[in-house]
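Open the model in your viewer and keep the selection panel at hand. The stops below go from the whole chain to single residues.

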Amino acid sequence: MVDSAPPRDADRLRLELGKRVDRIVREIAEAYRDILAASSVDTKMADAASNLRIETEAANLTRGCEELLRLISELKLMVVTSDNDGCENETEIYTSKVDYHSAVVDHSLAVLDSKVLHALAKLERLKPNSLPTEENFITSQ
């Protein structure tokens with residue numbers, strides 16, 4: 001059975017951080033690609049516009065790098081000030097799930113053990129002659 005519980009806060013945070021990193025890296029790559037495209041202009045007339053475009057994209061590239069550095073700084077701060085109580089809480093939740101499933105398995109094994117013992121007791125109460133033997137089995141076919 002698949003657990004369809006809503007994502008926890010930690011999972012949501014990881015997902016949001018991943019999306020943020022992807023967006024920043026994509027913006028940096030686009031700015032770099034635009035700088036390369038603008039620097040390949042051959043005519044003097046377009047040269048001034050190209051320089052302006054290069055400066056603009058360089059500023060976008062710098063902004064993206066600064067945003068990435070801010071994100072790295074935030075992540076470092078989160079690690080330094082991490083919530084150990086939250087980690088302990090997650091560990092307790094996981095432990096309780098393992099304990100619950102262990103109890104279910106133990107109960108199932110106890111029920112199975114009881115059924116096997118009951119079946120064996122029934123077989124022991126049968127008369128020895130009434131149990132099928134190899135000779136009886138061969139002649140009955």
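The tour covers the overall fold, a core, a set of charged pairs and a surface patch.

**Whole chain**

Begin with everything selected, and keep in mind that this is a predicted model. In cartoon view, the protein chain shows four helices and zero strands, in the order α-α-α-α along the sequence. Switch to a surface: its accessible area is about 12,100 Å², and carbon and sulfur atoms account for 61% of that area. Of the 141 residues in the protein chain, 9% are buried. Where contacts join residues at least 6 apart in sequence, 67% of them join residues at least 24 apart.

**Helix α1**

Select residues 9–38, which form helix α1. The 30 residues of this helix span 43 Å from first C-alpha to last, close to the 44 Å expected at 1.5 Å a residue. Now show side chains for L17, I24, I28, A31, I35 and A38, the buried residues of α1.

**The largest nonpolar core**

Add L61 and L71 to L17, I24, I28, A31 and I35: these seven residues are the largest nonpolar core. Both α1 and α2 supply at least two residues of it, and α1 gives the largest share, five residues.

Centre on I35 next. Apart from its neighbours within four places in sequence, I35 is in contact with I54, E57, A58 and L61. Move from there to E57, which belongs to helix α2 (residues 44–80). Is E57 buried or exposed? E57 counts as buried because its relative accessibility is 13%, under the 20% cut-off. With neighbours within four places in sequence again left aside, E57 is in contact with A31, D34 and I35.

**Charged pairs between α1 and α2**

Side chains of opposite charge can pair when their charged atoms come close. The whole structure holds five salt bridges. Select R23, E27, R63 and E67, which are linked in a network of salt bridges.

- R23 and E67: the closest N and O atoms of this salt bridge are 2.7 Å apart. R23 sits in helix α1 and E67 in helix α2, so the pair links distant parts of the chain, 44 residues apart. R23 is partly exposed at 30% relative accessibility, whereas E67 is buried at 12%.
- R63 and E27: here the closest N and O atoms are 3.5 Å apart. R63 is in helix α2 and E27 in helix α1, so this salt bridge ties together parts 36 residues apart in sequence. R63 is partly exposed, with a relative accessible area of 37%, and E27 is partly exposed at 23%.
- R63 and E67: this salt bridge has its closest N and O atoms 3.5 Å apart. R63 and E67 both lie in helix α2, four residues apart, about one turn of the helix.

**A nonpolar surface patch**

Return to the surface view and select V105, L109, L112, V116, L117, L120, L123 and L126. Which kind of surface patch do they make? The patch is nonpolar and covers about 720 Å².

End on V116, one of the residues of this patch. V116 is found in helix α3 (residues 84–125). At 40% relative accessibility, V116 counts as partly exposed, because that class lies between the 20% limit for buried and the 50% limit for exposed.

Notes. Residues are numbered from 1 along each chain as its sequence is written. This is a predicted model: local features need pLDDT of at least 70, side-chain atom pairs count only at pLDDT 80 or more; totals for chains, interfaces and linings use all residues. Side-chain values use heavy atoms; hydrogens and water are left out. Patches are made of residues with over 30% relative accessible area and no salt bridge: like charges are joined within 9 Å, nonpolar side chains (Val, Leu, Ile, Met, Phe, Trp, Tyr) within 5 Å. Accessible areas come from the Shrake-Rupley method with a 1.4 Å probe; for residues, only the protein chains shown count as cover. A salt bridge is a side-chain nitrogen of Lys or Arg within 4 Å of a carboxyl oxygen of Asp or Glu. Buried means under 20% relative accessible area, exposed over 50%, partly exposed in between (1.4 Å probe, protein chains only). The expected span of a helix is 1.5 Å times one less than its number of residues. Contact means heavy atoms within 4.5 Å. A nonpolar core is a set of buried Ala, Val, Leu, Ile, Met, Phe, Trp, Tyr and Cys residues joined through side-chain atoms within 4.5 Å.
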